[in-house]
Structure formats: structure tokens, C-alpha cells
Amino acid sequence: MLQKIFLCGLTWVFVFPMIAFAQVPQAERGNEHFLDVSASIGYSAFRDQGVSPILYQGFTVLGGLRYTMENELWDFSVEGEGGVGFYEATRLAVYETSTIHVGYGGHLRRQFWASESARLRYEGGLRLHGLVNVRRNSSLFNAATGVTNINTLFLSNELTWLVSHREKTKKSGRTITRRRPLSLEVNIPLLNVAWLPDYAYITDFTDGEPSTIGEHKLYWGGLRFQTRLSYRHFFTNGNALRFSYVSDYVRTSETFNQIDFINHAFQFSLVMRLH
Amino acid sequence: MMTFSNLKITFFLLAAGLLLASCEVLFFEEELADEARNNFEYLWQQCDENYSFFEYKNVNWDSVYDAYSPRVANGMSADSLFRVLWNMLNELRDGHVNLISPFNVSRFDIDLLGPDNIDFRLIRENYLSDRYYTNLPLIHDFLAGGQIAYFRIGSFATPLSDGDVQIALSRYRNTKGMILDIRGNGGGNLSSVFTLMNRLSRQKMKVYDSYIKSGPGREDFSGPQEAILEPPSRGLRYPKPVMVLTDRGTFSAASFLAVMARELPQMTLIGDTTGGGLGIPNGGQLPNGWTYRMSISRTITTDGQNFENGVPPDIRVILNDDLTKLGIDNVLERAMAEIL
């Protein structure tokens, strides 16, 4: 049943936009398309309880791309990111672990409310985000490498305040707009599913080689929570700079192999208007 | 210019964003404190839920807890704690169980359970030519006037590639048989064993079943997973008689080789019982950062036997001290006689 709900959510996020956008040609503001190129660095903490009770702390560096299509009613995006993390824990000695991160996902939100001046507005919808995490800690022998994949369907909410909004008509007669929106995005989990190593953290080795992803299993449940506080500074040509503070908390279901991951990142993005 | 309400809303969004971003304490459990009792309890529990040979080795792990728990108190030195945990782990009598700290590594000396059954200098001085070939981990040469191939593998820690095996075998294709000397081989890379044994096997066959721990219960195992030897369709093979020399120092991956050799009709085990170590070890970490490993699987032969404590030889031969003084390796001599 959970799988069906998850697949429905996935379909809704990625297929519904095509229908939705096709139905809003009458919107006053036409469809705008943006491509974000971003880089982020932040504090992270990581714990793989299948092999260690220690919360490793360090930093994660990520680079990403995001395509966004939005109009007065709808906001749709797909995104991908990748990067590495280096964490350590100090006890009698310093223990280190590193990770490779790959993130992917997208959202579809509809505007449900706007203030009379249209400077404050609320969007709500769904967001799907997945995180592949390859953990490497050579001191853990056959469990030195752990591959996990965590996917979450969120109820996505965004409150946007236009800190500054000016329209100016140039001599050529073309109207240009300067916008400086400040947004708070809060993503509340609806469904969480993690693909984690099986009990022994070592699988098929009948050919002599333990397989890192041979017998992973799906675990439903757990918690995930994402927030993004972002400020966009649009230029007159429609491009923008975006400064964001992104936080992501992940906790898989409470089993022997529970994964905990925290990331607080400052993200800088170049937002390019595609046409 | 920002108006007052503009400032208020901006401030509200910033404050709400930062507040929400700081609620991780609601999500995550605190770390276990790095205290001696926590480390002891954690290690005991990990063994209790993951170790695979309690029944086979007749170890009452609850009694072990009762015996060692009173010896652990918060505030004791790291060295004292290490010694207590080492002693507790050695109750498992398993060479695949270790505790690794920044200042010491615990071990169970399985090789001391039997006599040292090899003196490689004796072989170099009295059997091999001055220019024997070395392509680590493989040392090889002709014996008995070119009639026998001698392969010595002292460790599988260095991976053995299929190319290396084929190059070595090509030199001995006209010999009557091979002596594969894995005495004192403490193991290493199990894939190297498959690489070698595939080339020495005559036909595709199952050589053992593996069962891997799949839950915290004593008998929670998944499997069986079949281990298959399959001669490669291309390249050189060596299907002639092979005498495999073993002793108590033949452990882990080398013991797996001995299990496979039992299944192959052209192979004979000569020497002493191996050290066993047929449970694949897996690792973890204690709250104080020390790491450990323990056996988390079982290996069962095709005739249903568990040789975790050692694979017995087909022909038992112990190195004779009187003969070694005369420059004779009686284990090797017996193997040569079997081929010739």
C-alpha cells in the first residue's frame, strides 16, 4: 500500500505539471523558465548506527543544478546535486569517515493565497527528494563501504515576501521589473523510504567478494525535514542571484541500521532566466 | 526604502527560518557517552546479536557477561578496559575476533593450537633452485627434476590476479602434479582463492554453502548462498593432481581453499588441521572509537559439516624436527611421493 501511495506521489510531482501548465495560458504572468547553478558548503553530521554509535561531524560541499518553471499559479522544479563530505570524531584518536552525496528531486506547488498587494504569498504542494549516500570508513573492515538511498515525499510549503518590487518603463517602452523576494520553504515529510544494507552489512560473497549493494532492503518510516530560507536578487534582465540557508534532517526508521544525517548549508546560486 | 511592516515580515521570515533550522535536537538521539560501562555493554550486545558461532563453540555469552561485567567501572584506564574486553572476546576462541584501539590490537592466536608445520628456509635451501620465481603472493619452482610444480602462497593479503595465475601455470603445464603449499597462510583476499581454484578445477561444482546473520536471534541466518567453482572457458587450466599442504596457521581465506580442496577429487590435503576461520568477519565501532570485528556467517560443506575450528587433512603429517635437521621436509616429501 505504501509503495502505491509513494508511486502516486511521484507521478503527481513529475507528470501533473505538464497538465497543470497546459491549463494556465490565461495567467497574467506567462511561464518563466530558470536554470539555477548552485554551490553550497555547510556543517554536517552523519551516523550509521548499523556500524557505529558515533555521530561524525564535518562539512559537505555540494554543487547542483535546478530547472524551475513558474507562473502566477504554479511553481515546478526538478533538481540534482552532488558532492562530498568529510567528517571526523575525536576520542582517544581522531576517527574519520567520508561520504559521496548525490541528491535529486523536484517539487510542484500551487499558489493558494496572496496578500492584496501581492507582496506576500503562500504556495503549497508536493516535493520529492532523494539522497544517495556512499559512506567510506576503512577501519570498519568488510563494512567499510555503506551505500544508502533515502527518498521522501514532502508536503511542501513556501511563504514568499517581496522585500522590494519595482517596475520601470524604459525609453524603448519595455517594462522591466526588479524583484527581491525572501522565501521560507518548509518541507514536512509525508512518506519516507530508505534502501539500507541488510542486517550483517555484508552480503553475497560466494564469489569471494562481498557485494556492497547485493542485498539491501527497503525500510519505510523515519523522519525527514527540510527548510530553505532564500533571498533572490533579480536583475533587470530577469537573471538573479540567490543566497540560501538550507537545512536537511534525515532519520531513517528506528532499526538496527538507522541512518542519521544533518546538513546545514549556505548555498549560492546563479539563477539564469532561460527566455 | 523598507517600511516598518516590511521590516517586521522580513524579520519574521528570517527568525522562523533560523528557528526551524535549529530543531535538530528533536530528531536525533544523543550519542552514547564515552564511558567504560557503555563501551562494555555496547560490545557485549553487538557480539550477542551478531556473532555466528555461540552454539557451535558452546559459549554461554550470558555467563560471559556475568563474569566480566563486574570488572568494568567508569573511570578505569583505557588500557585496563582494553584488557578486560580482550579477555572477554577471547572467550569466543576465534581468530576472526579482534578489538582495535589506537594503542593495541587484541587477537586469539589460533596458530598456537598446533605445531608450526613449515620451515620455508628449509625448502629454499634444500628443494628450490637459487632462482625460484616470485610473483607475490605466489612463489613457484620445479621440484623432482621438473616433474612437480611447487606453488607457495604465504598470504592472500596481496591479491592474486587471474593473469598471474595463468602465467605461472603456463610454466608447469607438462608436470605430473602440483604441490600447493599454504602452511602458515593466515588468509586475506577470498577472491584470490576463487581466482586460483577456478583454474585448478575440472568442472563447475558447488564447494560450500554460506549462511549470513540476518537478525539478532542466535539462529537468524539468511541463505544458503552457494559458492561455485567454475573452470574458465578460455585460458590455461591445470586439472592434474594437487597436494595441498596445511597446518594450524592455515586460516580464513586459506582455510576456505582447504574446504574447496576437499570437494575436488584430484586434490589431497596433507599436513595438520587448518586453523579454521570460516566465518566472514565484519566490523563495527564502539562509542569510544575503537573498532572491532567478528564472524557473522557460517560455512557449511556440501556434506553438511562445519569446519569453523579447522579443516582436517586427508593425510596427517607433522613436520619432524629430527628430519628438518637433516634438511628434509617430511610433509613436502609425502606430497611428492603422492604425486610420483
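A residue is taken as buried here if 20 or more other C-beta atoms lie within 10 Å of its own. With that cut-off in hand, helix α7 of chain B (residues 190-200) makes a good starting point in this predicted model: 10 of its 11 residues are buried, so the helix is largely enclosed by the rest of the structure. The buried set consists of L190(B), S192(B), V193(B), F194(B), T195(B), L196(B), M197(B), N198(B), R199(B) and L200(B). Their packing partners in chain B are two helices, α6 (162-171) and α8 (253-263), together with two strands, β7 (221-229) and β8 (242-246).

Some of these elements return in the nonpolar cores. The largest nonpolar core holds 55 residues, and the members that touch the most others are M178(B), I179(B), V193(B), V244(B), L245(B), L257(B) and V259(B). Helix α8(B) gives the most to this core, contributing 8 residues. V193(B), one of the well-connected members of the core, is also among the buried residues of α7(B). For V244(B), the contacts beyond its neighbours within four places in sequence are L180(B), I182(B), A258(B), A261(B), M267(B), T268(B), L269(B) and I270(B). Apart from the largest core lies another one, of 31 residues, whose members include F141(A), Y51(B), M294(B) and I296(B). In soluble globular proteins, nonpolar side chains tend to be buried together.

Turning to chain B as a whole, its secondary structure comprises 10 helices and 13 strands. Buried residues account for 43% of its 340 residues. The C-alpha trace spans about 100 × 55 × 40 Å along its principal axes, and the radius of gyration is 27 Å, where a compact globule of 340 residues would have one near 20 Å. Of the contacts in chain B between residues at least 6 apart in sequence, 72% link residues at least 24 apart.

The domain assignment divides chain B into domain 1 (36-102) and domain 2 (113-279 + 296-339). Taken over C-alpha atoms, the centres of domain 1 and domain 2 of chain B are 33 Å apart. Their contact involves 9 residues of domain 1 and 13 residues of domain 2 of chain B. On the domain 1 side, the residues fall into 3 nonpolar, 4 polar and 2 charged.

What does each chain bring to the contact between chain A and chain B? Chain A supplies 44 residues and chain B supplies 43 residues. On the chain A side, at least two residues come from each of the strands β6 (145-169), β7 (175-196), β9 (223-234), β10 (240-251) and β11 (259-273). By class, this side of chain A has 29 nonpolar, 8 polar and 7 charged residues.

One of these contributing strands, β10(A), deserves a closer look. Strand β10(A) is mostly covered, with 9 of its 12 residues buried. Antiparallel pairing joins β9(A) to β10(A) through 12 bridges, and R232(A) stands opposite R242(A) in β10(A). The two strands β9(A) and β10(A) form a hairpin with 5 residues between them, and G238(A) in the turn has a positive phi of about 95 degrees. Strand β10(A) is also joined to β11(A), again running antiparallel and with 12 bridges. In that pairing, L241(A) stands opposite L270(A) in β11(A).

Terms used:
Residues numbered from 1 in each chain as written. Chains lettered and ligands numbered in written order. Predicted model: local features only at pLDDT ≥ 70, side-chain atom pairs only at ≥ 80, totals over all residues. Domains from an automatic or database assignment. Contact = placed C-beta atoms within 7 Å. Nonpolar A, V, L, I, M, F, W, Y, C, P; charged D, E, K, R; others polar. Helix = DSSP H or I, 4+ residues; strand = E, 2+ residues; numbered from the N terminus. Rg over C-alpha atoms; globule rule 2.2 N^0.38 Å. Core = buried A, V, L, I, M, F, W, Y, C linked by C-beta atoms within 7 Å. Pairing = 2+ DSSP bridges.
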